[in-house]
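Let's walk through this structure together, one piece at a time. Keep the view open as you read, and turn it whenever a new element comes up.

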Amino acid sequence: MNRPINLRTYTRAVVAATMIVLWSVSALTGVLRWLAPTGPRSGQIPLWLGLTKNQWGDVHFWFSVAAVTITAIHIVIDWRALMGCMRYLASAHRDPELRQ
């Protein structure tokens with residue numbers, strides 16, 4: 001069954017998947033830096049994939065910048081859905097019948 005792909009749906013899916021990957025890599029590099037040894041010259045010891053602690057810091061920074069950028073794009077693309085969800089949650093909080 002070959003249905004045409006809705007461009008908006010495809011874009012939302014790609015942005016969401018990219019956001020998950022970028023935040024995951026950012027978290028992984030953050031944990032790697034947190035677990036790395038500290039002290040004099042610790043930034044010069046290769047940790048993983050031949051990169052030093054300082055180089056992993058640069059990787060972490062740029063993946064985090066990319067993740068924040070993609071998150072902002074995600075919010076812009078899904079603004080209507082976000083507002084609908086907020087309206088629903090606000091009305092469910094006020095109306096006890098909707099809390100079931």
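**Two helices and what lies between them**

Helix α1 is a good place to begin: its 29 residues reach 42 Å from the first C-alpha to the last, close to the 42 Å expected at 1.5 Å a residue. Please keep in mind that this is a predicted model.

With α1 in view, we can place it in the chain. There are three helices and two strands, and from the N terminus on they follow the order α-β-β-α-α. Of the 100 residues in the chain, 18% are buried. Among the contacts with a separation of 6 or more, 51% join residues 24 or more positions apart.

Now look at helix α2, which covers residues 53–77. Its 25 residues should span 36 Å at 1.5 Å a residue, and its end C-alpha atoms are 36 Å apart, so expectation and model agree.

How do α1 and α2 sit relative to each other? Two packed helices are described by the angle between their axes and the distance between the axes. Here the axes of α1 and α2 come within 8 Å and cross at roughly 150°. Angles over 145 degrees count as roughly antiparallel, so α1 is roughly antiparallel to α2. The crossing in which α1 passes α2 is left-handed.

Next, the buried residues. In α1 these are V15, M19, L22, S26 and T29, and what covers them includes α2. On the other side of the pair, K53, W56, G57, S64, A67, I70 and T71 are buried in α2. The buried residues of α2 pack against α1 (7–35), and also against the strands β1 (46–48) and β2 (51–52).

T29 lets us see this packing at the level of one residue. T29 belongs to helix α1, and its relative accessibility is 2%; buried means under 20%, so T29 counts as buried. Which residues does T29 touch, leaving aside its neighbours within four places in sequence? The contacts of T29 are with W56, V59 and H60. Of these, W56 is listed among the buried residues of α2.

Finally, turn to the aromatic rings, where the count comes to one pair. The partners are F61 and W62, whose ring centres are 4.9 Å apart with planes at 80°. Planes over 60 degrees apart count as edge-to-face, which is why the F61 and W62 pair is given that label. Are these two residues buried or exposed? F61 is partly exposed, with a relative accessible area of 45%. W62 has a relative accessible area of 56%, and because exposed means over 50%, W62 counts as exposed.

Notes. Residues numbered from 1 in each chain as written. Predicted model: local features only at pLDDT ≥ 70, side-chain atom pairs only at ≥ 80, totals over all residues. Heavy atoms only, no water. Phe/Tyr/Trp six-rings, centres within 6.5 Å; stacked < 30°, edge-to-face > 60°. Buried < 20%, exposed > 50% of the residue type's maximum accessible area, 1.4 Å probe, protein only. Helix = DSSP H or I, 4+ residues; strand = E, 2+ residues; numbered from the N terminus. Expected span 1.5 Å × (residues − 1). Contact = heavy atoms within 4.5 Å. Axes fitted to C-alpha atoms, helices over the stretch in contact; angles between N-to-C directions. Parallel < 35°, antiparallel > 145°, perpendicular 65-115°, else oblique. Left-handed = near helix turned anticlockwise from the far one by under 90°.
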